Amino acid sequence: MAKLIVGALLLSVLTGGVAQLDMKGKAFIFPQESATAYVSLIPQVKKSLQNFTLCLKAFTDLTRPYSLFSYNTKTRDNEILLFVEKVGEYMFYVGNSGVIFKAPLNPYAPIHICVSWESASGIAELWLNGKPLGRKGLKKGYTVGGEAKIIIGQEQDSFGGRFDIKQSFVGDIWEVAMWDHVVPLKMMDDGCRSGNLINWQSLIFEDNGYVVTKPKLWD
Ligand SMILES: [Ca+2]
């Protein structure tokens, strides 16, 4: 049985299919602007969400708009989307409605971004580099669909596709984690790797196009 699983995993790695790896200490690099390079993240559990927390770290020197995290369902574009409109302006979407969080300008530093959303109040809370950027409300009472395509590196305008090269991500992304509940973001200083939906230390993913995995450059 174990042999079979190892064999299947090896085969999937060799054929570029779905892999499950401990990514601790590693980062995905999107080395070139493209509309073809992306990583599809597969959640540990498929479920609709009335609360969630999402964390990731990234480095880029892009000054144009780009996507950090794109979660689409078959019926809704931008079901969850973390999108940088321009340097220091973070757009957060739930159910295709967006709010904006403005950060102090610090363009060429790595970012550690965490956001939580609670359906009962509609409150979205966003922290950047360990500091809160405030709270805003959107989609109160809404339920996020569970049958999703979750993509980093590109912004989806359909279910798993319709990428725009001018919204692609170029740079490094690491320590992506997602939970099906609100985690106090004050506690995210170090504990950002083991979400129960997306767990960086047991990441289930499929990379496509020119994506390279290397040891991370930044903490
Ligand atoms: Ca979109």
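What radius of gyration would a compact globule of 219 residues have, and what value does the protein chain have? A compact globule with 219 residues would have a radius of gyration near 17 Å, and the protein chain has 16 Å, which agrees. The structure discussed here is a predicted model, and its C-alpha atoms fill a box of roughly 50 × 35 × 35 Å, taken along the principal axes.

**The chain as a whole**

The secondary structure of the protein chain comes to 1 helix and 15 strands. Buried residues make up 35% of the 219 residues, and, among contacts with a separation of 6 or more, 65% join residues that are 24 or more positions apart.

**The sheet**

Seen strand by strand, an open sheet of 7 strands follows the order β11-β10-β9-β4-β13-β2-β15, with antiparallel pairing. Its edge strands are β11 (131-137) and β15 (212-215), each of which pairs on one side only, and the twist averages 25 degrees from one strand to the next. Strands of a sheet pair through backbone hydrogen bonds, either parallel or antiparallel. Three of the pairings in this sheet are set out below.

| Strand pair | Direction | Bridges |
|---|---|---|
| β10 (123-128) and β11 | antiparallel | 5 bridges |
| β4 and β9 (111-118) | antiparallel | 8 bridges |
| β4 and β13 | antiparallel | 6 bridges |

Individual residues can be placed within these pairings: Ile-123 stands opposite Gly-137 in β11, Leu-56 stands opposite Ile-113 in β9, and Thr-53 stands opposite Trp-179 in β13.

Is strand β4 (residues 51-59) largely enclosed by the rest of the structure or largely open? Because 7 of its 9 residues are buried, β4 is largely enclosed by the rest of the structure.

**A residue in a loop**

Away from the strands themselves, Arg-193 is found in the loop between β13 (171-179) and β14 (203-208). Is Arg-193 buried or partly exposed? A residue needs 20 or more other C-beta atoms within 10 Å of its own to be buried, and Arg-193, which has 19 C-beta neighbours inside 10 Å, therefore counts as partly exposed.

If its neighbours within four places in sequence are left aside, Arg-193 is in contact with Lys-24, Glu-175, Ala-177, Trp-200 and Gln-201. By contrast, the C-alpha atoms of Arg-193 and Arg-64, which are 129 residues apart along the chain, are separated by 28 Å.

How values were computed:
Residues are numbered from 1 along each chain as its sequence is written. This is a predicted model: local features need pLDDT of at least 70, side-chain atom pairs count only at pLDDT 80 or more; totals for chains, interfaces and linings use all residues. Helices (H or I, at least four residues) and strands (E, at least two) are DSSP runs, numbered from the N terminus. The radius of gyration is taken over C-alpha atoms; the globule rule is 2.2 Å times the number of residues to the power 0.38. A residue is buried if 20 or more other C-beta atoms lie within 10 Å of its own, exposed if 12 or fewer, and partly exposed in between; C-beta atoms are placed from the backbone. Two residues are in contact if their C-beta atoms, placed from the backbone, lie within 7 Å. Two strands pair if DSSP finds at least two bridges between them. Axes are lines fitted to C-alpha atoms, for helices over the stretch in contact, and angles run from 0 to 180 degrees between N-to-C directions.
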